[in-house]
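User: Please take a close look at one part of this model, the smaller open sheet and what surrounds it. Then set it against the rest of the fold.

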Amino acid sequence: MSSFTDRPLGKTLILFDVDDTLTPARRGVSPEMLETLREVRKKVVIGSLGGSDFVKLSEQLEVDGVPVTEKFDFCFAENGLTAYRLGKKLPSQSFINFIGEDRYKPLVNFILHYIADMDIPIKRGTFVEFRTGMINVSPIGRNTTTQERLDFQKYDLEHGLRQKFVEALKAKFPDYGLTFSIGGQISFDVFPNGWDKTYALNHIEHEGFTEIHFFGDKTHKGGNDYEIFTDPRTIGHTVTCPADTIKILKELFLQ
């Protein structure tokens, strides 16, 4: 099925997490990163793979009006629940259809009560963001400035707020069949078991790739890159920032 025979390594796919891998968290992509990706794409097949919805993915990766679907061969938002191949949308799934309204309401009510009782330095807005394939939960709220994100991330590292929140949800809803995955700086994702970033691999299993590389920063157990990083179908690369991604790409593919 592959349409990439014109590239020297057309059977090699590289998938990239977005936040702190391709871009600083929730910020735009740099010219240096775009140029590196253009050069790498001449040799291999590339795809973006983020937990955020497609709108947010586009905000970070679109430059000068060029759609993100033209910069990458594959675009996977919400862990692949929203997917594009060479600019064409692929079939998607729905979180609410999986969980049902009767079970969703107790879940979101518990989350909102828990956040209301949290004593943290500041709170903003949009504490639960409803997406196609998941919900995103943020104790501080997603409507934050960059500095507020950084401050919360530091506070969370010291106090383990998100980890404790996740443990409380696991204890309260053990029979829901849900995964709770901490990612980014201020939030965690909630989605059905198996709908982590490995879900995106379902879209490419018939492509005939002989190597699938994955670059991500949250590759530790409990991080939202862990499952695909450790999946036997992928070759995982842990990075610390976009500059680290560029460095490894140059070492592996642009020598």
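**A buried arginine and the sheets around it**

Analyst: The side chain of Arg142 reaches the side chain of Asn136 in a polar contact of 2.8 Å. The model is predicted.

Start with the position of this arginine. Arg142 sits in the loop between strand 7 and helix 6 (146–159). Is Arg142 buried or exposed? Its relative accessibility is 10%, so Arg142 counts as buried, the limit being under 20%. Beyond four places in sequence, its contacts include three arginines or lysines named Arg26, Lys56 and Arg131. Arg149 and Glu129 also touch Arg142. Gly125, Thr126, Asn136, Ile186 and Ser187 complete the list of contacts for Arg142.

Now the sheet itself. Four strands form an open sheet in the order 6-7-9-8, and the pairing is antiparallel. Which strands stand at the edges? They are strand 6 (128–130) and strand 8 (178–183), each pairing on one side only. From one strand to the next, the twist averages 20 degrees.

Look at strand 8 and its partner. Six bridges hold strand 8 against strand 9 (residues 187–192), in the antiparallel sense. Within this pair, Ile182 has Phe188 of strand 9 as its bridge partner. Helix 7 (residues 161–172) packs on the sheet. Helix 7 touches strand 7 (135–137), strand 8 and strand 9. The direction of helix 7 makes about 180 degrees with that of strand 8.

Phe188 deserves a closer look. Leaving out residues up to four places away in sequence, Phe188 touches Ile135, Asn136 and Val137. Asn136 is thus a shared contact, since Arg142 also lists Asn136. Phe188 also touches Arg162, Phe165, Val166 and Leu169. Phe180, Ser181, Ile182 and Gly183 are further contacts of Phe188.

Phe188 also belongs to a core. The largest nonpolar core has 26 residues, and Leu107 and Phe188 have the most contacts inside it. Which elements each supply at least two residues of this core? They are helix 4 (95–99), helix 5 (101–117), strand 7, helix 7, strand 8 and strand 9. Helix 5 gives the largest share, five residues. Another core lies apart from it, with 24 residues, among them Leu34, Leu61, Cys75 and Ile248.

Next, the other sheet. This open sheet has seven strands in the order 5-4-3-2-1-10-11, with mixed pairing. Strand 5 (88–89) and strand 11 (235–238) are the edges, each with a single partner strand, so one side of each has no neighbour in the sheet. Strand 3 (residues 74–77) and strand 4 (residues 82–85) run antiparallel and are joined by four bridges. Ala77 stands opposite Thr82 in strand 4. Helix 2 (residues 54–61) lies across strand 2, strand 3 and strand 4. The angle between helix 2 and strand 3 is about 125 degrees.

The loop between strand 3 and strand 4 holds Glu78, and Asn79 is placed there too. Glu78 is not a glycine, yet its phi is positive, about 50 degrees. Asn79 has a positive phi as well, near 65 degrees, and is a residue other than glycine. Are these loop residues buried or exposed? Glu78 counts as buried at 2% relative accessibility. Asn79 counts as buried at 3%.

Strand 1 brings in Thr12. At 8% relative accessibility, Thr12 counts as buried. Neighbours within four places aside, Thr12 is in contact with Val44, Val45, Phe209, Glu211, His213 and Phe253.

Finish with helix 1 (residues 31–41). Its buried residues are Met33, Leu34, Thr36, Leu37 and Val40. Why do these residues fall on the same side of helix 1? They cover an arc of only 160 degrees around the axis, which puts them on the same side. An α-helix has 3.6 residues a turn, so residues three or four places apart point the same way. What covers the buried residues includes strand 1 (12–16), strand 2 (45–49), helix 3 (68–71) and helix 9 (242–253). Leu34, buried in helix 1, is also one of the residues of the 24-residue core.

Definitions and conventions. Residues are numbered from 1 along each chain as its sequence is written. This is a predicted model: local features need pLDDT of at least 70, side-chain atom pairs count only at pLDDT 80 or more; totals for chains, interfaces and linings use all residues. Side-chain values use heavy atoms; hydrogens and water are left out. Buried means under 20% relative accessible area, exposed over 50%, partly exposed in between (1.4 Å probe, protein chains only). The arc is that of the directions from the helix axis to the C-beta atoms. Contact means heavy atoms within 4.5 Å. Two strands pair if DSSP finds at least two bridges between them. Axes are lines fitted to C-alpha atoms, for helices over the stretch in contact, and angles run from 0 to 180 degrees between N-to-C directions. A polar contact is a pair of N or O atoms within 3.5 Å; within protein, one must be able to donate a hydrogen and the other to accept it, and residues adjacent in sequence count only if both atoms are side-chain atoms. A nonpolar core is a set of buried Ala, Val, Leu, Ile, Met, Phe, Trp, Tyr and Cys residues joined through side-chain atoms within 4.5 Å.
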